[in-house]
Amino acid sequence: MLKKVEKTIALAGLGNGIIDIIVNVEESFLNDNKLQKGSMLLVNEEEQNNLISTLSSDYLQFACGGSVGNSIVTFSDLGLKTAWMTCVGDDDFSNMYVDEIGNFNITLNENCRYSNSKIGTCLVMITPDSERTMRTCLNVSSKISAEHIEENIIKKSEWCFLEGYLLANPDYGHSAILKSIEYAKKYNTKLALTLSDAFVVNCFRDFID
């Protein structure tokens with residue numbers, strides 16, 4: 001039987017807490033580094049650092065990001081009550097992220113912090129035609145799992161918005177999605193899913209279906 005509860009949160013989200021590293025580049029930069037324009041690929045920390053090292057730090061901009069995280073911030077900025085389930089580390093970028101989320105009065109899951117860990121980063125390379133090419137290093141975001149899903153958050157939410165990029169992490173992300181769906185059904189919370197990127201559908205269609 002569905003449980004009737006007061007819905008005090010307009011939108012709760014689940015996804016990767018990411019710091020975006022934004023930089024303008026020329027087409028030649030993508031060609032020289034064999035980067036497919038408009039794509040998003042996961043890379044490890046060494047690959048990410050090597051790519052960033054080829055760019056001038058004077059032109060790098062930093063902002064809180066993440067696919068669903070950006071949507072949660074936008075909803076909050078429009079005056080709606082929101083919540084965000086993710087995980088971050090305890091490095092300087094993680095502190096920046098948590099502070100900015102707090103500035104928007106977004107409710108965070110209580111166990112979002114991991115000690116001795118780094119938040120994920122997404123290098124967003126923007127060419128003159130405004131197309132963006134992304135390389136993402138998940139770092140601690142790769143540990144998002146069912147344990148980060150707070151029943152009380154989903155219970156009080158009108159909507160729960162799930163990030164498709166978590167589908168690319170079968171060991172942990174799939175359990176987080178399934179737990180969110182379980183609670184959403186229990187409390188009559190509406191569900192939305194962004195498929196995020198073509199590779200997610202191509203590689204994990206069976207689970208999506």
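**Cysteines, overall form and selected residues**

The count of disulfides in this chain comes to zero. Cysteine 122 is not part of one: the nearest cysteine sulfur belongs to cysteine 137 and lies 10 Å away, whereas a disulfide would need the two sulfur atoms within 2.5 Å. Cysteine 122 has a relative accessible area of 5%, so this residue is buried. Cysteine 160 is likewise in no disulfide, and the nearest cysteine sulfur, that of cysteine 87, is 16 Å away. Because its relative accessibility is 0%, cysteine 160 counts as buried. The model is a predicted one, and the distances given here are computed from it.

Next comes the chain as a whole. Its secondary structure is made up of seven helices and 10 strands. The C-alpha trace spans about 60 × 40 × 35 Å along the principal axes. How does the radius of gyration of the chain stand against that of a compact globule? For 209 residues, a compact globule would have a radius of gyration near 17 Å, and the chain has 17 Å, so the two agree. Of the contacts with a separation of 6 or more, 82% are between residues 24 or more positions apart.

Burial and surface can be read together. Of the 209 residues, 47% count as buried. The chain exposes about 10700 Å², and carbon and sulfur atoms supply 49% of that area. As for charge, the chain carries 18 positive and 28 negative charges, and the mean positions of the two sets are 11 Å apart.

Individual residues can now be taken in turn, starting with helix α1. Serine 28 lies in this helix. Its relative accessibility is 42%, which means that serine 28 counts as partly exposed. Serine 28 and threonine 127 are 99 residues apart along the chain, yet their C-alpha atoms are separated by 9.5 Å.

After α1 (27-32) comes a loop that leads to β3 (40-42), and lysine 34 is found in this loop. Phi of lysine 34 is near 55°, a positive value in a residue that is not a glycine. Lysine 34 counts as exposed because its relative accessibility is 75%.

Strand β3 contains methionine 40. Is methionine 40 buried or exposed? Its relative accessible area is 4%, so methionine 40 is buried. Setting aside residues up to four places away in sequence, methionine 40 touches Met134, Arg135, Thr136, Tyr165, Asp197 and Phe199. The separation from asparagine 50 runs the other way from the serine 28 pair: methionine 40 and asparagine 50 are 10 residues apart along the chain, and their C-alpha atoms are separated by 17 Å.

Helix α2 covers residues 45-53, and serine 53 lies in it. With a relative accessibility of 56%, serine 53 counts as exposed, because the limit for that class is over 50%. In sequence, serine 53 is 35 residues from isoleucine 18; in space, the C-alpha to C-alpha distance between them is 19 Å.

Further along, threonine 86 sits in the loop between β5 (82-85) and α4 (92-103). Which residues are in contact with threonine 86, leaving aside its neighbours within four places in sequence? They are Gly15, Asn16, Gly17, Leu108, Asn109, Cys112, Ile144 and His148. Threonine 86 is at 1% relative accessibility and therefore counts as buried, although it lies in a loop. Proline 128 is 42 residues from threonine 86 in sequence, and the two are 33 Å apart in space, C-alpha to C-alpha.

The last residue to consider is serine 196, found in the loop between β10 (190-194) and α7 (198-208). Serine 196 is not a glycine, but its phi is positive, at about 75°. At a relative accessible area of 24%, serine 196 is partly exposed, because buried would require under 20%. Two of the residues that methionine 40 touches, Asp197 and Phe199, bring the account back to strand β3, where methionine 40 is found.

Terms used: Residues numbered from 1 in each chain as written. Predicted model: local features only at pLDDT ≥ 70, side-chain atom pairs only at ≥ 80, totals over all residues. Heavy atoms only, no water. Helix = DSSP H or I, 4+ residues; strand = E, 2+ residues; numbered from the N terminus. Rg over C-alpha atoms; globule rule 2.2 N^0.38 Å. Buried < 20%, exposed > 50% of the residue type's maximum accessible area, 1.4 Å probe, protein only. Contact = heavy atoms within 4.5 Å. Areas by Shrake-Rupley, 256 points an atom, 1.4 Å probe, with all protein chains shown as cover. Lys, Arg positive; Asp, Glu negative; His and termini not counted. Charge placed at Lys NZ, Arg CZ, Asp CG, Glu CD.
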